[in-house]
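This report goes through the packing of helices and the pairing of strands in one protein chain. The sequence and the model are shown first, and the discussion follows under short headings.

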Amino acid sequence: MRQPLPALAGSDLELAYDGRTVVHGAGLALRAGEVTALVGPNGSGKSTLLRSLARLHTPLAGTVTLADDGGLDALALHAKDFARRVTLLSQSRPTPAGVSVGDVVAYGRHPYRGRFGSGDADGKEVVERAMTLTGVAAMAGRPVDELSGGELQRVWLATCLAQDTGVVLLDEPTTYLDLRYQVETLDLVRDLADLHGVAVGVVLHDLDQAAAVADRVVLLHGGVVRADGTPVEVLQADLLSEVYGLRIDVHVEDGGRVRTRPVGRHTARHVRPEPAPA
């Protein structure tokens, strides 16, 4: 049986800054109902590759396609048509002064509105649901420029959810979040895929978070995709140690969960010694 097209895919992408190529011939395919995590050291090209799929970084070469009707050229779509299909939570966004949380989340409905905000009958309900899912409903009336970094990160995530697209791209969504909201955000990422059939692409620095949340992991290094597969296939000790430049031990638990452990000069101080034989 013929495989369905990816919901969003980039092929043979060459990406550059100021004439210097930083991503070389990269491919990435995001499928409906799956979470794909992009991992790798700083400067490996993760965020640049994700931004190219969101049309925020124009490729020197390669294609970006959507699954609609046999494969649409995503780069040629009208901005509103693309925004109804794909949304991105980027690392940095300007914080508007004096604008309430509810109004910022409502910005996510812009692809569905006509002139003067008309034509979005479901908008209010979708916005309220997005705020509830991200835990910001109680602060709907607060100005966003008075929020903490973690609160603001959840507001931007709610804005992405309010856009209500079939593809969601998240660039380090757990940044600034405390442990509780990191866990809740990753649970929400899984719910998007499992319950709503969304194709999710997410950049993560924490390898254990990537292993826990992702169906597929894409490892980048030096602007090149070094591995693409399941967490068990990609998160291999030898490969990770080479890419990150330090020893990383990997353990696969009985249930198949991958655990990683970077080993520094003082790591042994925190390891309980084995008891001496009797």
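## Helix α4 and its two sides

In this predicted model, helix α4 spans residues 123-133, and G123, V126, V127, A130 and M131 are buried within it. These residues lie on the same side of α4, because they cover an arc of only 135 degrees around the helix axis. The underlying regularity is that an α-helix has 3.6 residues a turn, so residues three or four places apart point the same way. On the other side of α4, by contrast, K124, E125 and T132 are exposed.

The cover over the buried residues of α4 includes α3, residues 101-106, and α5, residues 149-163. Just after α4, the backbone at G135 adopts a positive phi of about 75 degrees.

## The contact between α4 and α5

Helices α4 and α5 pack with their axes 8 Å apart and at an angle of about 140 degrees. Since angles over 145 degrees would count as roughly antiparallel and those from 65 to 115 as roughly perpendicular, α4 is therefore classed as oblique to α5. Their crossing is right-handed. From α4 the contact draws on V126, V127, A130, M131 and L133, while α5 contributes A158, L161 and A162. Among the α4 residues in this contact are V126, V127, A130 and M131, which also belong to the buried set of the helix.

## The four-stranded sheet

One open sheet consists of four strands in the order β2-β1-β4-β5, and its pairing is antiparallel. Its edges are formed by β2, residues 20-30, and β5, residues 72-73, each of which pairs on one side only. Strand β4, residues 61-66, runs antiparallel to β5 and is joined to it by two bridges, and L66 has L72 of β5 as its bridge partner.

Helix α1, residues 46-53, lies across β1 (8-17), β2 and β4, and runs at about 120 degrees to β1.

## The six-stranded sheet

A further open sheet has six strands in the order β6-β7-β8-β3-β9-β10, and here the pairing is mixed. Because β6 and β10 (224-229) stand at the edges with a single partner strand each, one side of each is left without a neighbour in the sheet. Neighbouring strands of this sheet are turned by 15 degrees against each other on average, with direction ignored.

At one edge, β6 pairs with β7 (residues 167-171) in the parallel sense over four bridges, and V86 stands opposite V167 of β7. In a regular strand the side chains alternate between the two faces of the sheet. In β6, residues 86-89, V86 and L88 point one way and T87 and L89 the other way, and all are buried. Elsewhere in the sheet, β3 (residues 35-39) and β9 (residues 216-221) are likewise paired in the parallel sense over four bridges, with V39 opposite L219 of β9.

## Helices on the six-stranded sheet

Helix α1 packs on this sheet too, touching β3, β6, β7, β8 (199-203) and β9, and its direction makes about 150 degrees with that of β7. Helix α1 thus has strands of both sheets beside it, including β1 of the four-stranded sheet and β7 of the six-stranded one. Helix α6, residues 179-196, lies across β3, β7 and β8 and runs at about 140 degrees to β3.

Methods: Residues numbered from 1 in each chain as written. Predicted model: local features only at pLDDT ≥ 70, side-chain atom pairs only at ≥ 80, totals over all residues. Heavy atoms only, no water. Buried < 20%, exposed > 50% of the residue type's maximum accessible area, 1.4 Å probe, protein only. Arc of directions from axis to C-beta. Contact = heavy atoms within 4.5 Å. Pairing = 2+ DSSP bridges. Axes fitted to C-alpha atoms, helices over the stretch in contact; angles between N-to-C directions. Parallel < 35°, antiparallel > 145°, perpendicular 65-115°, else oblique. Left-handed = near helix turned anticlockwise from the far one by under 90°.
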